[in-house]
2 protein chains.
Amino acid sequence: MGMVTIDCADPQKLAAFWSAAVDTAVAQDWGEFVMLAPAGEGQVRLAFQKVPEPKVGKNRVHVDFETNDRVAEVERLVSLGASVAYDQVGVVPGLDWTTLADPEGNVFCVGQAH
Amino acid sequence: MGMVTIDCADPQKLAAFWSAAVDTAVAQDWGEFVMLAPAGEGQVRLAFQKVPEPKVGKNRVHVDFETNDRVAEVERLVSLGASVAYDQVGVVPGLDWTTLADPEGNVFCVGQAH
């Protein structure tokens with residue numbers, strides 16, 4: 001599994017957010033399709049394709065970050081343009097997480113095991 | 001980015017398909033949430049969470065496989081339970097791909113650069 005592709009209205013804008021979020025660079029920009037470099041050896045790349053239809057409802061597939069410092073990681077992602085939807089703290093044994101949305105409203109999570 | 005989570009009706013069934021598709025094992029099964037092991041060092045893991053609502057419309061986020069033999073890879077995935085939606089061959093310079101659906105209708109692609 002080499003890539004995760006996100007449908008969007010503005011591939012360049014979303015690529016700018018996500019390349020900062022996962023700390024990598026834009027590898028190729030074909031206008032309607034933008035592909036990031038993998039963030040590290042063997043890692044999945046993100047890609048963004050322009051689609052005409054707007055986002056409807058919840059994302060059925062979403063990406064998750066793992067971190068040792070959820071609060072700091074959420075703060076970093078918000079400073080890049082994400083917004084916080086809600087925190088899930090102390091609900092599930094062993095895992096706290098924050099659910100965020102990217103600049104086009106795609107949901108993703110930042111989880112911290114404890 | 002450590003994980004990609006797919007909402008579904010039947011986490012165990014979908015985990016069985018995807019663990020064979022990416023050639024890894026189920027790492028943990030909490031009933032309503034099943035997590036696969038990463039397929040390799042540094043790779044993203046897949047997870048499946050049970051949700052009450054059915055899948056509606058196209059997946060806004062999807063995963064992509066890269067291969068050197070698209071026909072054989074598609075045949076392998078179909079034998080595991082995927083269905084083929086359509087082939088995109090000779091349309092985009094440098095890349096052919098097949099769009100498939102997993103057993104719950106989640107779209108994913110198998111691409112081959114040339």
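**Before the close-ups.** Buried means under 20% relative accessible area, exposed means over 50%, and partly exposed is in between, worked out with a 1.4 Å probe and protein chains only. This is a predicted model, so to speak of local features we need pLDDT of at least 70, side-chain atom pairs count only at pLDDT 80 or more, and totals for chains, interfaces and linings use all residues. Residues are numbered from 1 along each chain as its sequence is written, chains are lettered from A and ligands numbered from 1 in the order in which they are written, and side-chain values use heavy atoms, with hydrogens and water left out.

**Figure 1. Chain A as a whole.** Let's start with the full chain: chain A has two helices and eight strands. Here, helices (H or I, at least four residues) and strands (E, at least two) are DSSP runs, numbered from the N terminus. Walk along chain A from the N terminus and you meet β-α-β-β-β-β-α-β-β-β. The radius of gyration of chain A is 14 Å, close to the 13 Å that the globule rule gives for 114 residues, so chain A is as compact as a globular protein of that length. (That radius is taken over C-alpha atoms, and the globule rule is 2.2 Å times the number of residues to the power 0.38.) Along the principal axes, the C-alpha atoms of chain A fill a box of roughly 45 × 35 × 25 Å.

**Figure 2. Inside and outside of chain A.** Of the 114 residues in chain A, 43% count as buried. A contact means heavy atoms within 4.5 Å. Take the contacts in chain A with a separation of 6 or more: residues 24 or more positions apart account for 48% of them. On the outside, chain A exposes about 5,500 Å², with 54% of it supplied by carbon and sulfur atoms. Those areas come from the Shrake-Rupley method with a 1.4 Å probe, and for residues only the protein chains shown count as cover. As for charge, chain A carries 8 positive and 16 negative side chains, and the centres of the two sets lie 5 Å apart. In that tally Lys and Arg count as positive and Asp and Glu as negative, while His and the chain ends are not counted; the place of a charge is NZ of Lys, CZ of Arg, CG of Asp or CD of Glu.

**Figure 3. Salt bridges from chain to chain.** Side chains of opposite charge can pair when their charged atoms come close. A salt bridge is a side-chain nitrogen of Lys or Arg within 4 Å of a carboxyl oxygen of Asp or Glu, and over all chains the structure holds 10 of them. In one of these, the side chains of Asp7(A) and Lys58(B) meet at 3.0 Å, N to O. Asp7(A) sits in strand β1 (residues 3-8) of chain A and Lys58(B) in the loop between β4 (45-50) and β5 (61-66) of chain B, so this pair joins two chains. Asp7(A) is buried, at 1% relative accessibility. There's also a network of salt bridges here, linking Asp7(A), Glu53(A) and Lys58(B).

**Figure 4. Asp7(B) and Lys58(A).** These two side chains also meet in a salt bridge, at 3.0 Å from N to O. The pair crosses between chains, from strand β1 (residues 3-8) of chain B, home of Asp7(B), to the loop between β4 (45-50) and β5 (61-66) of chain A, home of Lys58(A). Buried or exposed: which is Asp7(B)? At 1% relative accessibility, Asp7(B) counts as buried, while Lys58(A) is partly exposed at 49%.

**Figure 5. A salt bridge in helix α2 of chain A.** Arg76(A) and Glu73(A) meet through their side chains at 2.9 Å, N to O. They are three residues apart in helix α2 (residues 70-80), so about one helical turn separates them. Arg76(A) is partly exposed, with a relative accessible area of 30%, and Glu73(A) is buried, at 14%.

**Figure 6. The loop after helix α1.** In chain A, Ala25(A) belongs to the loop between α1 (11-21) and β2 (26-29), and is partly exposed at 43% relative accessible area. Leaving out residues up to four places away in sequence, Ala25(A) touches Leu36(A) and Ala37(A). Asp23(A) is found in the loop between α1 and β2 too; its phi is positive, near 60 degrees, though it is a residue other than glycine. Asp23(A) counts as exposed, at 64% relative accessibility.
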